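Trainee: Could you take me closely through a single part of this structure? I should like to know how its residues are arranged and what surrounds it.

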Amino acid sequence: MATSASCLLLPTAFSALSINCSTQLQPSSSLSFSSANHNVFSRGCSFSLRKALAPGTNRGLIVCEAKPDSAAKRARQAEKRRLYNKAKKSEVKTRMKKVLEALDGLQKKTDAQPDEVLGIEKLIAEAYSAIDKAVKAGTLHRNTGARRKSRLARRKKAVEIHHGWYTPPTPLVAV
């Protein structure tokens with residue numbers, strides 16, 4: 001069918017604008033605007049059109065997305081925050097992985113010395129710092145940060161108990 005039909009009327013601010021297209025998807029089919037006022041696009045809006053097939057039919061659809069520039073700016077800001085948060089989370093995971101690997105290696109050693117924990121404590125301090133920075137920046141929730149720091153401390157204490165360098169205090173029993 002080579003007839004032209006109005007496919008889409010834009011709502012609200014674009015109420016005077018309609019897009020006409022051919023009903024079949026042809027690579028050479030053109031879009032025409034039936035509105036005489038094209039200044040609506042110069043008022044801070046990004047506008048994109050794409051062709052799609054209606055589900056289960058041969059009929060073509062025109063999908064119109066009109067969003068103000070503030071939405072485009074929000075999208076740019078969200079992408080920047082996503083990359084920043086991804087880097088912060090990656091740093092936290094890397095620091096935690098280094099601590100856990102060092103603790104596993106120390107636990108597997110049969111002739112480990114108590115002063116070997118000092119190097120691991122330095123790694124733990126770096127991990128704590130990365131976690132605290134991620135929490136302060138809003139990348140991690142404060143409870144998540146606390147849980148991760150607790151996990152590292154418990155693992156360190158388990159290694160110390162395993163080698164006999166730390167003895168947990170006995171609980172006082174009330175009589």
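**A close look at helix α2**

Mentor: In helix α2, L118, K122 and K136 are exposed and lie on the other side from the buried residues. Here buried means under 20% relative accessible area, exposed over 50% and partly exposed in between, with a 1.4 Å probe and protein chains only. This is a predicted model, in which local features need pLDDT of at least 70 and side-chain atom pairs count only at pLDDT 80 or more, whereas totals for chains, interfaces and linings use all residues. Residues are numbered from 1 along each chain as its sequence is written, and side-chain values use heavy atoms, with hydrogens and water left out.

The buried residues of α2 are V117, I120, I124, A127, A130, I131 and A134. Viewed down the axis of α2, these buried residues fall within an arc of 135 degrees, so they line one face of the helix; the arc is taken from the directions that run from the helix axis to the C-beta atoms. As background, an α-helix has 3.6 residues a turn, so residues three or four places apart point the same way.

As to its dimensions, α2 has 21 residues, which at 1.5 Å a residue should span 30 Å, and its end C-alpha atoms are 30 Å apart, in agreement. The expected span is 1.5 Å times one less than the number of residues. Just after α2, G138 takes a positive phi of about 90 degrees.

The setting comes next. The protein chain has 3 helices and 5 strands, and from the N terminus on its elements run β-β-β-β-β-α-α-α. Helices (H or I, at least four residues) and strands (E, at least two) are DSSP runs, numbered from the N terminus. Of the 175 residues of the chain, 22% count as buried.

The buried residues of α2 pack against α1 and α3, where contact means heavy atoms within 4.5 Å. The axes of α2 (residues 117-137) and α3 come within 9 Å and cross at roughly 170 degrees. These two helices are therefore roughly antiparallel to each other. Angles under 35 degrees count as roughly parallel, over 145 as roughly antiparallel, 65 to 115 as roughly perpendicular and the rest as oblique. Axes are lines fitted to C-alpha atoms, for helices over the stretch in contact, and angles run from 0 to 180 degrees between N-to-C directions.

On the α2 side, the residues that meet α3 are V117, E121, I124, A127, Y128, I131, D132 and V135. Their partners in α3 are R142, G145, R148, K149, L152, A153, K156 and E160. The residues of this contact divide into 8 nonpolar, 1 polar and 7 charged. Ala, Val, Leu, Ile, Met, Phe, Trp, Tyr, Cys and Pro count as nonpolar, Asp, Glu, Lys and Arg as charged, and the others, Gly among them, as polar.

The neighbour α3 has its own buried residues, namely T144, G145, R148, L152, K156, V159 and E160. Seen down the axis of α3, they fall within an arc of 160 degrees, so they line one face of that helix. They pack against α1 and α2, while R142 and R154 are exposed on the other side of α3.

Finally, α1 (residues 69-108) and α3 (residues 142-163) pack at an angle of about 10 degrees, with their axes 10 Å apart. α1 and α3 are therefore roughly parallel to each other.
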